[in-house]
Amino acid sequence: MQTVLALVVLGLLGLMAVQVAASRQFRARILTLASELRNAPPTRDIEAALPPMVADFARRSGAEPGRPFRVASFNQSAEIRLRPGGAFTRIAAWQLVSLGRPGFLWDARASGALSRFHVLDAYVGGAGQLEARAFGSIPVAREKGPEIDLGEAFRYLAELPWAPDAILGNPDLSWRVTGADTVEVRMRAAGGTARVTFRFDRDGDIVAMEAKGRPARDIEGRSARLDWRGRFWDYRQIGPRRLPAQAEVGYVYPSGYEAYFRGEITGYHLSA
């Protein structure tokens, strides 16, 4: 009996050691990606190439041409829906955004009694990756390839209201006016060209975004191209920039629009 118990204990200790090692390896990879973003080129002055309403928005946010920055970072208190029609799960996240070249890293965790997972969502060096781990160590999903590259490029564009310095300083982005209160921004990615349209309110703030055909998963979990929507609100001073503190984003399914992310950002920082 004692021998059996000892073997069980040794087995459990071995399993715990494997999980700790896997968790540390995952964390080390996240830090490596963050380092790559921090070493990306700084912003450049491209204001002259921007539509006036776009440049005005960035300036009102506090961005200034000629002041080079490499990354912005912030925290998020948010909730996500892991599948269409599912319940929302509370998460805490940290995000790093490259300003002079497209790129970001999103490090999110849920630690509730019934759900413990760690998600890495990133676009670094033109490559996208999405990985989820249960308990920080057990892989449950991992995606790479041209479709993920393109999907992450869409995300980088959609979150530009949180990166006004990239608006004024990222030469890889192309802008054009599409209406009295709308502009389109686009960029090339390995899987194609990502395009996002922003809508401005009377005050000149971006309040909504939409995009057609973003790579995603349909209700059955199959690869699909879905229309994508989001909205921004609660503009206020967060650190050195005036930003929309809250946002929501979701997909348009055959049954209609459904949000899968709602969040608030805090603790905004810029690094040269």
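Two strands are taken to pair if DSSP finds at least two bridges between them. With that in mind, the structure shown above, which is a predicted model, can be read from its strands to its helices and then to its side-chain contacts.

**Strands β8, β9 and β10**

Strand β8, covering residues 182-189, and strand β9, covering residues 192-200, run antiparallel and are joined by 8 bridges. Among the residues involved is R188, whose bridge partner in β9 is T193. The two strands form a hairpin, with 2 residues between β8 and β9.

Strand β9 is also joined to strand β10, which covers residues 206-217, and here 4 bridges hold an antiparallel arrangement. F200 has I206 of β10 as its bridge partner. The hairpin of β9 and β10 has 5 residues between the strands, and in this hairpin G204 takes a positive phi near 90 degrees.

A positive phi is also found in strand β11, residues 223-238, where D234 has its place. D234 is not a glycine, and yet its phi is positive, at about 60 degrees. Its relative accessible area is 27%, so D234 is partly exposed.

**Helix α3**

Which length should helix α3, with its 13 residues, span at 1.5 Å a residue? For residues 146-158 the expected span is 18 Å, and the C-alpha atoms at the two ends are 19 Å apart, which agrees with that expectation. Of the 13 residues of α3, 11 are buried, so the helix is largely enclosed by the rest of the structure. The buried residues of α3 include I148, L150, F154 and Y156, and also the charged residues D149, E152 and R155.

**A nonpolar patch at the surface**

F135, I138 and V140 make a nonpolar surface patch of about 310 Å². V140 lies in strand β6, residues 138-143. Its relative accessibility is 58%, and because exposed means over 50%, V140 counts as exposed.

**Salt bridges**

Side chains of opposite charge can pair when their charged atoms come close. The structure holds 24 salt bridges, and three of them are set out here.

| Salt bridge | Closest N and O atoms |
|---|---|
| R59 with E47 | 2.8 Å |
| R133 with E131 | 2.8 Å |
| E248 with R262 | 3.4 Å |

R59 forms a salt bridge with E47. This pair links distant parts of the chain, since R59 is in helix α2, residues 52-60, while E47 is in the loop between α1 and α2, 12 residues apart from R59. R59 is partly exposed, with a relative accessible area of 42%, and E47 is likewise partly exposed, with a relative accessible area of 22%.

Are the partners R133 and E131 buried or exposed? Both R133 and E131 are buried.

E248 forms a salt bridge with R262. Here too the pair links distant parts of the chain, with E248 in strand β12, residues 241-253, and R262 in strand β13, residues 256-271, the two residues being 14 residues apart. At 11% relative accessibility E248 counts as buried, whereas R262, at 34% relative accessibility, counts as partly exposed. E248 and R262 also belong to a network of salt bridges in which E79, R90 and R231 are linked with them.

**Aromatic pairs**

The structure holds 9 aromatic pairs. One of them is formed by F74 and W162, whose rings are 5.5 Å apart from centre to centre, with 65 degrees between the planes, an edge-to-face arrangement. The pair links distant parts of the chain: F74 is in strand β1, residues 71-81, and W162 is in the loop between α3 and α4, 88 residues apart from F74. F74 is buried, with a relative accessible area of 1%, and W162 is buried as well, with a relative accessible area of 2%. Which residues do ring pairs link into a cluster? The cluster consists of F74, W162, F232 and Y268.

**Drawing the parts together**

Strand β9 is joined by bridges to β8 and also to β10. Helix α3 is largely enclosed by the rest of the structure, whereas V140 of the nonpolar patch counts as exposed. The salt bridge of E248 and R262 links strands β12 and β13, and the aromatic pair of F74 and W162 links strand β1 to the loop between α3 and α4.

Definitions and conventions. Residues numbered from 1 in each chain as written. Predicted model: local features only at pLDDT ≥ 70, side-chain atom pairs only at ≥ 80, totals over all residues. Heavy atoms only, no water. Expected span 1.5 Å × (residues − 1). Buried < 20%, exposed > 50% of the residue type's maximum accessible area, 1.4 Å probe, protein only. Patch = residues over 30% accessible without salt bridge, like charges linked within 9 Å, V, L, I, M, F, W, Y side chains within 5 Å. Areas by Shrake-Rupley, 256 points an atom, 1.4 Å probe, with all protein chains shown as cover. Salt bridge = Lys/Arg side-chain N within 4 Å of Asp/Glu carboxyl O. Phe/Tyr/Trp six-rings, centres within 6.5 Å; stacked < 30°, edge-to-face > 60°.
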